[in-house]
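Hi,

Here is the structure I promised to pass on. Have a look at it first, and then read my notes below.

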Amino acid sequence: MNYEERILEEIISLQPVFWENKKKKDSNVLKEMELSYEDIIDAEKRLRRFAPLIKKLFPETEDGIIESPLIEICDMKDELEELYNKDINGRLFLKCDSHLKVAGSIKARGGIYEVLKHAENLAIKENLLSLDDDYSKLSDEKFKKFFSNYKIAVGSTGNLGLSIGIISAALGFKVTVHMSRDAKEWKKNLLRQKGAVVIEHSEDYSKAVEKGREECLKDDRAYFIDDENSKDLFLGYSVAALRLFNQLKKEGITIDEKHKLYVYLPCGVGGAPGGITFGLKHIFKDNVHCYFAEPTHSPCMLLGLLTGRHSSIHVKDYGIDNITEADGLAVGSPSKLVCKIADKLIDGIYTIDDDELFKLLFLINQSEKIKVEPSAVAGLLGPTMVNSDENSIHIAWATGGLFVPENLYNNMVYKGKELLNK
Ligand SMILES: Cc1ncc(COP(=O)(O)O)c(C=O)c1O
């Protein structure tokens, strides 16, 4: 039995695995890709054009830039070392997209970006806006009325829908969110409160996306945001890398051959971790190592890359149920766009049990007083799985949590504590 066959057997039997991507290429491969560094810069510039509008609509942002803190988590590092009986060489940071302004999750990076780009295109086409205008005028009643003639739809496990629902409604668009069966009730309620139409599906995420796509085909004023294929979503996520570069610089951290960066990203369909990896590789080249983390019950990207079948697989093809408390990661088939890119860029993928997610959720609450949802802690296991040296910088990407209702959150913290005491 070869390496891939052995891991496949373990995945099917739902054991947590660590898979090293032997197909990874050096960063010169970026030159062969369809998207480029200039595309990331273009996305960043667009977000800057929109900053005056975002500042007006969401005063909680810093000058209209939607960003999250990077913090060092020394106490959590001690907890991880003790729990997993492994030394973590180097420093450990948390990228707190769990507290990303406006929509409280990593998905807001892509979701908000694509809606803004669509709004810009529509307004420019009708000669209502030009690139050097002050974009804060887009909050005028006249624009709200204009955008209300258009519809936006998306399929989501929850957080992408939230981000798109919030920004679309703020601009005046009519917005429909097709939610998969895994989506949490509170996310649906919050979206309805924000003015979105929520359609509930009894099937999984891939079906919710399909239904949203179908709905938009019938209506030429409807725009579908396609989490499985969208280059705009992908580029919106990738801008995080430019921001992270500046945050590391502020901390006095330089990444080079002697100071490697290790980044651990929770993965659902792959858009958010894929876009961020793409951006990080452009900036740090071969000095950054990116790992994706998936639930043992939803290892879609791992199966897609390991078997080479990419987006044509569904975890059910391997008898895996795609049921996990990590709702944001409950995806059965990976993104076609991301499979192609991740295949050449990522160092590996590991899977993690739901019980482990709750333990980590409890530990980060106790050690750092940080509130996250189950999907968001998957990255915290990463530093215990790689061999690094004392000059290394590890970043676990915490991907959501800000809006989780307190009573539900407290139940999850309690569950984590119980599991640790078992
Ligand atoms: C909290 C959270 N983390 C991670 C992800 C994974 O992002 P992607 O589906 O783009 O891989 C999601 C997706 O919804 C999410 O909600």
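A polar contact here is a pair of N or O atoms within 3.5 Å. With that cut-off in mind, start at the ligand, and remember that this is a predicted model. A polar side-chain atom of Lys107 sits 2.6 Å from an oxygen atom of the ligand, so that pair falls within 3.5 Å and counts as a polar contact.

Two glycines join in through their backbones. Gly268 places a backbone N or O atom 2.7 Å from an oxygen atom of the ligand, and for Gly270 a polar backbone atom is likewise 2.7 Å from a ligand oxygen atom. In total, 16 residues surround the ligand. Lys107, Gly268 and Gly270 are among the closest, and Asn159 and Thr399 are also on that list.

Lys107 turns up again in the helix packing. Helix H4 covers residues 107–125, and its axis comes within 7 Å of that of helix H9 (residues 231–250), crossing at roughly 120°. That angle makes H4 oblique to H9, and the crossing is right-handed. On the H4 side the contact uses Lys107, Arg109, Gly110, Gly111, Tyr113, Glu114 and Lys117. They meet Asp232, Leu233, Gly236, Tyr237, Ala240 and Arg243 of H9. By class, that gives six charged, four nonpolar and three polar residues.

The other pair to look at is H10 (residues 271–284) with H12 (residues 336–345). Their axes are 10 Å apart, at an angle of about 45°, which makes H10 oblique to H12. H10 passes H12 in a left-handed crossing. Gly271, Gly274, Thr277, Phe278 and Lys281 of H10 make the contact with Val338, Ile341 and Leu345 of H12. What classes do the residues of this contact divide into? Four are nonpolar, three polar and one charged.

Over to you!

Cheers

Terms used
Residues are numbered from 1 along each chain as its sequence is written. This is a predicted model: local features need pLDDT of at least 70, side-chain atom pairs count only at pLDDT 80 or more; totals for chains, interfaces and linings use all residues. Side-chain values use heavy atoms; hydrogens and water are left out. Axes are lines fitted to C-alpha atoms, for helices over the stretch in contact, and angles run from 0 to 180 degrees between N-to-C directions. Helices (H or I, at least four residues) and strands (E, at least two) are DSSP runs, numbered from the N terminus. Angles under 35 degrees count as roughly parallel, over 145 as roughly antiparallel, 65 to 115 as roughly perpendicular and the rest as oblique. A crossing is left-handed if the near helix is turned anticlockwise from the far one by less than a right angle, and right-handed if clockwise. Contact means heavy atoms within 4.5 Å. Ala, Val, Leu, Ile, Met, Phe, Trp, Tyr, Cys and Pro count as nonpolar, Asp, Glu, Lys and Arg as charged, and the others, Gly among them, as polar. A residue is near a molecule or strand if one of its heavy atoms lies within 4 Å of it. A polar contact is a pair of N or O atoms within 3.5 Å; within protein, one must be able to donate a hydrogen and the other to accept it, and residues adjacent in sequence count only if both atoms are side-chain atoms.
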